[in-house]
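Colleague: I'm new to reading structures, and I would love a close look at how the inside of this one is packed. Could you take me through it slowly?

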Amino acid sequence: MPEISRRAQSLGTENAFVVLAEVNALARQGMDIVSFCIGQPDFPAPDNVQEAAIRAIKGGKHGYTPSAGIDELRNAAARYMGSLRGGLPIRAEDVVVGAGAKPFIAYAILSTTDHGAGDEVIYPNPGFPIYESQIVANGAKPVPIHLHESRNFSFDPAELDKLLNKKTKLLILNYPHNPTGGCLTRAELQQISEILRKHPQVWVYADEIYSRLVFSGEFFSIAQVPGMYERTIISDGASKTWAMTGWRIGFTSNPKLAPVFTRWITNTESCASQISQWAAVEAITGPQEAAAAMRESFLQRRDLIVGLLNEVPGVKCQVPGGAFYVWPNITEACRRIGAADSEEFRKRLLHEAGVAVLADIHFGARVPGEGQHLRFSYAASKQAIEAGVQRMADFIRKNTKKAA
């Protein structure tokens, strides 16, 4: 039997989908489960976006588009990304449209590192698991930089200064952050930029897919810091802002790398769905009331779930600055019920209480000295949040008595 490649064997996954499959299997068996696993809005795409897609279908927009995307979307995305980021001079030719923002993680690594050359990529830990997976699969060296609870889940710039060296080719930043909901402040981004001045060979991949879901202050991009625009790959998209996860539309900008990303798309996906591209034009240029209402709903849910989790025995939860995730510390809760770690806690919570969450180890190696954490996606209804957190509290109280 032929063997699969070492590259394929090394390829990681996104554990949210693995756990979701487990949840769905239990649900099919009749188990009642409240799920906080998947990070996607629980709203439909806005009506005007749906109508634009129907118009595209009926108008015969069924074929291939240029690999970089239709001109209308590249123009709209350039204006949108530039205005959201303090008036950056993003041109339509700097923008490339892909089948979601996720493929650009791989394209960025492929375009800035050489396989097996010892090139290093620094990425946040905990972090979106596809970062590390794609770094390894594409033959670069993954270098995690730890996020700290005491810093509102940002990293110490001094740690970055120590990690950077001549082999570093790419720094991945994600803010607002998945899985913690943490944000990098303007001051922190300016510090990071100052450190990067000593390392002109380093590109920055700014994963800003949650840019419209900042709840404390205005969104600020590292590309807005003087000297950083040309070396920053700005990644954004339609999934989170307009509840279009399944439509698969992402857009990324960099003046030098846009032609390179276009060639990658030609070699892989050919182009994003034309129908989805026309829908995204409407999402960006049309009425924004639905997007604003979703953001307000997420803010209310954030405040609700943080308040409820902080009433659960053995749980401490910081207030996240953006996205739709919380990252509660359950170190004491694990001790109370006799769970060895967050993953054991997660499994027991699912099977004994019917609450589905993700453990910290699903987002990278546990940060030394930071304790045990879970990720809740609060892209769930108010009723689900209340019911799920209550089940968790009851589960801890019940098993604390048993442990005692």
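Modeller: Happily; we will look at the nonpolar cores, then a helix, a single residue and a pair of helices.

Please keep in mind that this is a predicted model. A general idea helps to start: in soluble globular proteins, nonpolar side chains tend to be buried together.

Here, the largest nonpolar core has 44 residues. Which residues have the most contacts inside this core? They are Ile305, Leu309, Phe345, Phe376, Met392 and Ile396. Several elements give two or more residues to the core: helices H11 (289-309), H12 (331-337), H13 and H14 (382-403), together with strands S9 (325-326) and S12 (374-377). The largest share comes from H14, with seven residues.

Let's pick out one of those residues, Leu309. Leaving aside residues up to four places away in sequence, Leu309 touches Val315, Cys317, Val326, Pro328, Phe376, Val389 and Met392. There is also a second, separate core of 29 residues, and Ala76, Val97, Tyr229 and Ile234 are among them.

Now for a helix. Helix H5 covers residues 103-112, and because seven of its ten residues are buried, H5 is largely enclosed by the rest of the structure. If you want to find the buried residues of H5, look for Phe104, Ile105, Ala106, Tyr107, Ala108, Ile109 and Thr112.

Next, a single residue. Ala78 sits in helix H4, which spans residues 71-84. Is Ala78 buried or exposed? Its relative accessible area is 5%, and buried means under 20%, so Ala78 is buried. Among its neighbours, not counting residues up to four places away in sequence, are Ile90, Arg91, Ala92 and Val95, which Ala78 touches. Take Ala92: 14 residues separate it from Ala78 in sequence, yet their C-alpha atoms are 5.3 Å apart in space.

Finally, a pair of helices. Two packed helices are described by the angle between their axes and the distance between the axes. For H2 (residues 15-28) and H13 (residues 342-353), the axes come within 11 Å and cross at roughly 25°. Angles under 35 degrees count as roughly parallel, and H2 and H13 are therefore roughly parallel to each other. The crossing of H2 past H13 is right-handed. On the H2 side the contact is made by Val19, Glu22, Val23 and Leu26, and on the H13 side by Arg346, Leu350 and His351. Sorted by class, the contact between H2 and H13 has four nonpolar residues, one polar residue and two charged residues.

Definitions and conventions. Residues numbered from 1 in each chain as written. Predicted model: local features only at pLDDT ≥ 70, side-chain atom pairs only at ≥ 80, totals over all residues. Heavy atoms only, no water. Helix = DSSP H or I, 4+ residues; strand = E, 2+ residues; numbered from the N terminus. Buried < 20%, exposed > 50% of the residue type's maximum accessible area, 1.4 Å probe, protein only. Contact = heavy atoms within 4.5 Å. Axes fitted to C-alpha atoms, helices over the stretch in contact; angles between N-to-C directions. Parallel < 35°, antiparallel > 145°, perpendicular 65-115°, else oblique. Left-handed = near helix turned anticlockwise from the far one by under 90°. Nonpolar A, V, L, I, M, F, W, Y, C, P; charged D, E, K, R; others polar. Core = buried A, V, L, I, M, F, W, Y, C linked by side-chain atoms within 4.5 Å.
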